[in-house]
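Please open the model in your viewer and keep the selection tool at hand. The stops below go from one selection to the next, with a short account of what is there.

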Amino acid sequence: MKKPLPLQCTSLNFRAFQFAQAMFFAIEEINNSTDLLPGIFLGYKVYDACGSIARGVRVALALANDDEEASAPSKAPCTRPAQVQAIMGETSSSPCMAIATVIGPFHIPMISHFATCACLSDKVKYPSFLRTIPSDYYQSRALAQLVKHFGWTWVGAIRTNDDYGNNGMATFTETAQQLGICLEYSLSFFRTDPPDKILRIINTIKASTSRVIVTFLSHMDLDILIHELARHNLTRYQWVGTEGWISDFHTAALDRYHILDGAIGLSIPKAHVTGLKEFLLDVKPLNSSSGELFIEFWETLFSCKFKQNKATMGNQRYCTGHENLSEEENSFTDMSLMPIFNNVYKGVYAVAHALHQILGCNKTCSNKVKLNPLTILQHIKKIQFKTKEGEKVYFNERGDPAAKYEIVNWQPRKNGMVDFAIVGLYDASLPADKQLNLQNKSLIWAQNSKQVPSSVCSESCPPGTRKVLQKGKPICCYDCIRCAEGEISNITDSITCVRCHPEFWSNERRDDCVKKEAEFLSYEEIMGALLTAASLLGTCLTAAVAFVFFRYRHTPIVKATNSELSFLLLFSLTLCFLCSLTFIGRPSEWSCMLRHTAFGITFVLCISCVLGKTIVVLMAFRATLPGSNMMKWFGPPQQRLSVLAFTLIQVLICILWLTISPPFPFKNFKHFKDKIILECALGSEVGFWAVLGYIGLLAILCFIFAFLARKLPDNFNEAKFITFSMLIFCAVWITFIPAYVSSPGKFSVAVEIFAILASSFGLLFCLFAPKCYVILLKPEKNTKKSIMIKN
């Protein structure tokens, strides 16, 4: 004798009853069809597992072993007993996992209409499992994208503590992390949990700062949670739901305190099966085929009893059997689950189309083909057909259908009911950026608000700042730190600041790089204009002196100062004044090479002339001594050659410098953060210091010779003025070196120009001012006698 199955059913589940009715409808439609399985009648056995995994596994084993005692209270008549070829169901994921594990070795196809756990797509563990509802793998990712779309990066999560909730939430959490969404909390509970655990969930929600709650709950678990939420008046939260409850009429009816108003989530796309609604509401066939099942259904639906005993007498009314079904509003008459009924319908038709192919049906079907579940399973996996409504049905390699969802928004009506408004679509078959498509409809949010609620741990960091994580908190909690100088961030919520290109600098807001101001000594600025004026003044004064000397070239004082070297010196001084102009203006390749070489050569030419004049003074004094013939060795030809020789040496140094490593224009980014210093790099520093060193060497020699000749007995001794001029020259250039090295940017150029002008003016005034004074203001002293008088 068989032992009874444990956990006997205590009440009739209208939903499960409707699913069974949908299967009856599909089978009856197929049996009446002349196109599909002509001459073949499908039979069925119905069994209520009552939500018990143990009962489900027991009956599945019984069906696999063709045990007649496992049959349901009602079944279609069969001419002969036959092995079960396919199983329709179960509704929930956890029972499906257990049953699919048990029947897997038998290869019996199991097609579920409502089990969405992504784990059931594992064909190694569940080789014979298929379903007509999309996997939660896609729903979880769709929920994460939906949350991201509305900018909710700080959310709470509640899930049913079973395979459906745990696996679905795990996928959601993984995808959410990839999209930058953080979970403040993730809680699980089951409808049988003690009240204190549910209270802990309520307290966690109260203490949270997030305003969005993502749920992976069955409608039965949510029904319990709604009751507790209403007791604590928690109405200000935005709920995001799954297909398990988002379109459930019964859940909406229980939400009397509008806890879930404005909820948004994913549901199976609406479907219509012609004739199914009428079939579900027509209970006459049920009364004629199974009186016992009809009695249980009728008594549960109308809360009455056909037969009453003493224990129930007075508590319930009698059933007449003529109660009006059309006047009832409950979960049985609610057709909001028509998409799920359609899934049952498609599952039955998938089996029928597979049998149609196996039996080679045309006008008739072959009765010689021996059926076995493995063959049926293989055909179902490959089946493709369209329902009478035109919907395409097929299974992918994981036994799943195409993943499409409608986005549903709970919009309360004035009569207190809820309108499940379709506000968008999600299609996993499209490219990633086009999968989520929200329509331009006005959405209703929590507390009947039309403003999208905000749920973030930290407000977005504006451009010009970067995110810095708060210690010990998730990545969604951060502080906004302003970018440093020279760095920018031009996007919201940037995690780093990008350093500007060396030629650019950050603006005040630190959100854009602006081109740095190029700094160089220009003619337009005051300092450049003053130096230019000084240079031109020096040139004009030199030209004036040259004119005076040329005008009085036959006077004794001009002749006594070696007029040829004097005019050459004035020419070189003019070049010295003019070469300072090459240092002003934007540096270019040619100006960089010209400014240093022109300066070096002109100054050597100038010092060579002064050195020649000094040597002439010394030689002239030696020539007056008895028996001396020194002047014949240093006459005008030798003077010209000495100037030429000294200058050629500098020219040679400059040529080597320009050949090996010439000066070049250079952008200096180091001196100033927000400016570019345009300057001339020296190229070879050895070349630069060789040019300066050679000038210094000649200046020192000139100073020494002039110093030795300063006290010669002539009344007009030029050596004294040369000594003063060389003192000024050396003082200027000795001061120039540290000032040049320490001056930043254009000021180093100004220092160099000032040194050139100062030394040039020093030479001009020391050497020529006394002579011009005598020529122009004291002409009586411009005589041979005055010049020859000894001190």
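Begin by selecting Cys119, which at 19% relative accessibility counts as buried, where buried means under 20% relative accessible area, exposed means over 50% and partly exposed lies in between, computed with a 1.4 Å probe on protein chains only. Add Cys117, and you have a disulfide whose sulfur atoms are 2.3 Å apart, a disulfide being a pair of cysteine sulfur atoms within 2.5 Å. Cys117 is buried too, at 1% relative accessibility, and the link of Cys117 and Cys119 is right-handed, with 130° about the S-S bond.

Before you go on, note that this is a predicted model, in which local features need pLDDT of at least 70 and side-chain atom pairs count only at pLDDT 80 or more, while totals for chains, interfaces and linings use all residues. Residues are numbered from 1 along each chain as its sequence is written, and side-chain values use heavy atoms, with hydrogens and water left out.

Keep Cys119 on display and select Cys96, whose closest cysteine sulfur is the one in Cys119, at 9.7 Å, and therefore too far for a bond. Cys96 is buried, with a relative accessible area of 0%.

Next, turn to the sheet by selecting strands S1, S2 and S3, which form an open sheet in the order S1-S2-S3 with parallel pairing; helices (H or I, at least four residues) and strands (E, at least two) are DSSP runs numbered from the N terminus, and two strands pair if DSSP finds at least two bridges between them. The edge strands are S1 (87-88) and S3 (129-131), each of which pairs on one side only. Strand S2 covers residues 110-112 and pairs with S3 in the parallel sense over three bridges; to see one position in this pair, select Met110, which stands opposite Phe129 in S3. Then add helix H3 (residues 93-103), which packs on the sheet and touches S1, S2 and S3, contact meaning heavy atoms within 4.5 Å. The direction of H3 makes about 165° with that of S2, the axes being lines fitted to C-alpha atoms, for helices over the stretch in contact, with angles that run from 0 to 180 degrees between N-to-C directions.

How many disulfides does the rule give? The count comes to nine, and two further ones are worth selecting here.

Select Cys457 and Cys477, which are joined by a disulfide with an S to S distance of 1.9 Å and a right-handed link, at 105° about the S-S bond. The pair links distant parts of the chain, 20 residues apart, with Cys457 in the loop between strand S15 (436-438) and strand S16 (465-469), and Cys477 in the loop between S16 and strand S17 (478-482). Cys457 counts as partly exposed at 25% relative accessibility, whereas Cys477 is buried at 1%.

Now select Cys592 and Cys680, where the S to S distance of the disulfide is 1.9 Å and the link is left-handed, with -80° about the S-S bond. Here Cys592 lies in helix H17 (residues 589-623) and Cys680 in strand S24 (residues 675-681), 88 residues apart. Cys592 is buried at 0% relative accessibility, and Cys680 is buried at 11%.

For the last stop, select Cys576, which is in no disulfide, the nearest cysteine sulfur being that of Cys606 at 4.8 Å. Cys576 counts as buried, at 0% relative accessibility.
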